[in-house]
Amino acid sequence: MTNAEETASMESAAGEKASGVGDDSRSAISPDPSFLGQVEEIGEERLTPCFQCVKCSGGCPLTFAMDVLPHQLVRMVQMGLKQEVLKSSTIWLCAGCETCSTRCPNGVSIAHLMDVLRQIALTEGVEPAEPEVAGFHTAFLDEIRAGGRLHEMGMVRRYKFRTRKWMKDAGLGWRMFSRGKLKLLPVRIRDREWLKKVIPRFRR
Ligand code: SF4
Ligand code: SF4
């Protein structure tokens, strides 16, 4: 299969998922004209230079699992399809590997865009398409906010309270603990005043 055929087949599969082909429950599309400005302002990055060359999606290792491909997501943001973007699985499945950002000829950082979209989704109370990933993301950030450093035991506790899947991965957790990979007590940063100033900047 040539690159062009591969991209067309990728787009067709993701397009069917995203558009809800065969799903009669899909609702009418209502674009939000302020969405592009909101995303560009929070991310401090312009998205209009994207000319849909598809190089980002061509290199992304996770397109097989995504419902919207990375270049399609950028186009949807440009078009103001806020709800469709914030409810997509893609914003939670992106691993932040930066392959797309490295390949983009226009310097668009899609990995950073995904962070911004996740943050808007959480701030605006949009129900995540991937609740377990969103739970992990929030538990991680809450632990950093609490002490400036990641305490794995604390993060696992927060994650378990969010997902209620108490026994999932319990065996793995015990093996890590017994090998000293999980510390019982957290190590917090000393300058808590600095932390109080920095955290609100990430919440913008
Ligand atoms: S690589 Fe850059 S310009 Fe090309 S589609 Fe992706 S974001 Fe747009
Ligand atoms: S950062 Fe996300 S969207 Fe970009 S290539 Fe990696 S997984 Fe794909």
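Let's start with Q52, which is exposed, because 12 other C-beta atoms lie within 10 Å of its own and 12 or fewer is the cut-off for that label. Keep in mind as you look around that this is a predicted model. Q52 sits in the loop between α2 (35-43) and α3. Its backbone is worth a glance too: phi is positive, about 60 degrees, although Q52 is not a glycine.

Stay in that loop for a moment, since V54 also has its place between α2 and α3. Here again phi is positive in a residue other than glycine, this time near 75 degrees. How exposed is V54? It counts as partly exposed, because 18 other C-beta atoms lie within 10 Å, and a residue needs 20 or more to be called buried.

Now move over to ligand 1. Of the 15 residues around it, the ones that come nearest are C50, C53, C56, H71 and C104. Two elements, α3 (55-59) and α4 (70-78), give two or more residues each to this shell. If you're thinking about the chemistry of the surroundings, the shell breaks down by class into 10 nonpolar residues, three polar ones and two charged ones.

One of those two elements, α4, deserves a closer look. Which of its residues are buried? The list runs P70, H71, Q72, L73, V74, M76 and V77, so with seven of its nine residues buried, α4 is mostly covered. H71 turns up twice in this tour, as a buried residue of α4 and among those that come nearest to ligand 1. After α4 comes G80, which has a positive phi near 80 degrees.

Finally, go back to α2 and see how it packs against another helix, α8 (residues 110-123). The two meet at an angle of about 110 degrees, and their axes are 10 Å apart. That angle makes α2 roughly perpendicular to α8, because anything from 65 to 115 degrees counts as such. The crossing of α2 past α8 is right-handed. On the α2 side, the contact is made by V39, I42 and G43, while α8 brings in H112, L113, V116 and I120. Sorted by class, the residues of this contact are five nonpolar and two polar, with no charged ones. As for the spacing you can see along a helix, an α-helix has 3.6 residues a turn, so residues three or four places apart point the same way.

Key. Residues numbered from 1 in each chain as written. Chains lettered and ligands numbered in written order. Predicted model: local features only at pLDDT ≥ 70, side-chain atom pairs only at ≥ 80, totals over all residues. Near = placed C-beta within 6 Å. Helix = DSSP H or I, 4+ residues; strand = E, 2+ residues; numbered from the N terminus. Nonpolar A, V, L, I, M, F, W, Y, C, P; charged D, E, K, R; others polar. Axes fitted to C-alpha atoms, helices over the stretch in contact; angles between N-to-C directions. Parallel < 35°, antiparallel > 145°, perpendicular 65-115°, else oblique. Left-handed = near helix turned anticlockwise from the far one by under 90°. Contact = placed C-beta atoms within 7 Å.
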